[in-house]
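Work through these exercises with the model open beside you. Try each task before reading its solution.

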Amino acid sequence: MGKEVKDVGTVKIADDVVARIAALAALEVDGVSAMAGNYTSDNLEKVSRNNLKKGAKVTLGDNEVKVDLALMMAYGFNIPATCQQAQTRVKSTIESMTGLSVTDVNVRIAGITMPKA
């Protein structure tokens, strides 16, 4: 009874889970208005796993992950600064939630959303 069990099995995280984490983290950044495919933070929870891949793609290796994001930017925001914030947020969120090391966060700007008049 007093023995510690150090290895009780393995934990595997599906690509789709990491992609969803990446998408949600990117959408938290001011200036990121949606994922490609026009998925905002409000409707992202309703999106199927296949549709989520349009805006966030991950490649998992041995305890490493590479992330490719396609983002819609809000008009009037500095694109390089906003992308850097998104990269930092996505990297830190994935690493803290999964324990995986993020090697790359590549951002593609798919478009600009204009404010409604």
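The exercises below go from the overall fold to single residues.

This is a predicted model, so local features need pLDDT of at least 70 and side-chain atom pairs count only at pLDDT 80 or more, while totals for chains, interfaces and linings use all residues. Residues are numbered from 1 along each chain as its sequence is written, and side-chain values use heavy atoms, with hydrogens and water left out.

**Exercise 1. Fold order**

Task: List the helices and strands of the protein in order from the N terminus.

Solution:
- Start with the definition. Helices (H or I, at least four residues) and strands (E, at least two) are DSSP runs, numbered from the N terminus.
- Count them. The protein has three helices and four strands.
- Put them in order. The elements run α-β-α-β-β-α-β.
- Check burial. Of the 117 residues, 34% count as buried. Buried means under 20% relative accessible area, exposed over 50%, and partly exposed in between (1.4 Å probe, protein chains only).

**Exercise 2. Strand 3 and its neighbours**

Task: Work out which strands pair with strand 3, and in which sense.

Solution:
- Apply the criterion. Two strands pair if DSSP finds at least two bridges between them.
- Take strand 4 (residues 101–113). It runs parallel to strand 3 (residues 64–74), and 11 bridges join the two. Residue V67 faces V105 of strand 4, and M73 stands opposite I112.
- Follow the connection. The chain leaves strand 3, passes through helix 3 (residues 79–98) and enters strand 4, a right-handed β-α-β crossover. Right-handed has a set meaning: with the strands pointing away from the viewer, the path from the first strand over the helix to the second runs clockwise.
- Take strand 2. Five bridges pair it with strand 3 in the antiparallel sense. Here K57 has D68 as its bridge partner.
- Take strand 1 (residues 32–35). It is also antiparallel to strand 3, over three bridges. A34 is bridged to M72.
- Add the burial of strand 3. Eight of its 11 residues are buried, so the strand is largely enclosed by the rest of the structure.

**Exercise 3. The turn at N63**

Task: Where is N63 found, and what is its phi?

Solution:
- Locate it. N63 is in the loop between strand 2 (56–60) and strand 3.
- Recall the background. Most residues other than glycine have a negative phi.
- Read the angle. N63 has a positive phi, near 55 degrees.
- Look at the hairpin. Three residues lie between strand 2 and strand 3, and N63 with its positive phi belongs to this hairpin.
- Check exposure. N63 has a relative accessible area of 59%, so it counts as exposed.

**Exercise 4. The largest pocket**

Task: Describe the largest pocket by volume and lining.

Solution:
- Set the terms. On a 1 Å grid over the protein atoms alone, a cavity is a set of points where a 1.4 Å probe fits but cannot get out; a pocket is an open set with protein on both sides within 12 Å along at least five of seven lines. Lining residues have an atom within 4 Å of a point.
- State the volume. The largest pocket holds about 160 Å³. Grid points are joined across faces, edges and corners, and the volume is the space filled by probe spheres set on the points.
- Name the lining. It consists of V11, K12, I13, L60, G61, N63, T98, G99 and L100.
- Sort by class. There are four nonpolar, four polar and one charged residues. Ala, Val, Leu, Ile, Met, Phe, Trp, Tyr, Cys and Pro count as nonpolar, Asp, Glu, Lys and Arg as charged, and the others, Gly among them, as polar.

**Exercise 5. Helix 1**

Task: Compare the expected span of helix 1 with the distance between its end C-alpha atoms.

Solution:
- Find the rule. The expected span is 1.5 Å times one less than the number of residues.
- Apply it. Helix 1 (residues 15–27) has 13 residues and should span 18 Å; its end C-alpha atoms are 18 Å apart, which agrees.
- List the buried residues. They are V18, A19, I21, A22, A23, A25, A26 and L27.
- Turn to D15. This residue of helix 1 is partly exposed, at 38% relative accessible area. D15 and K57 are 42 residues apart along the chain, and their C-alpha atoms are separated by 8.2 Å.
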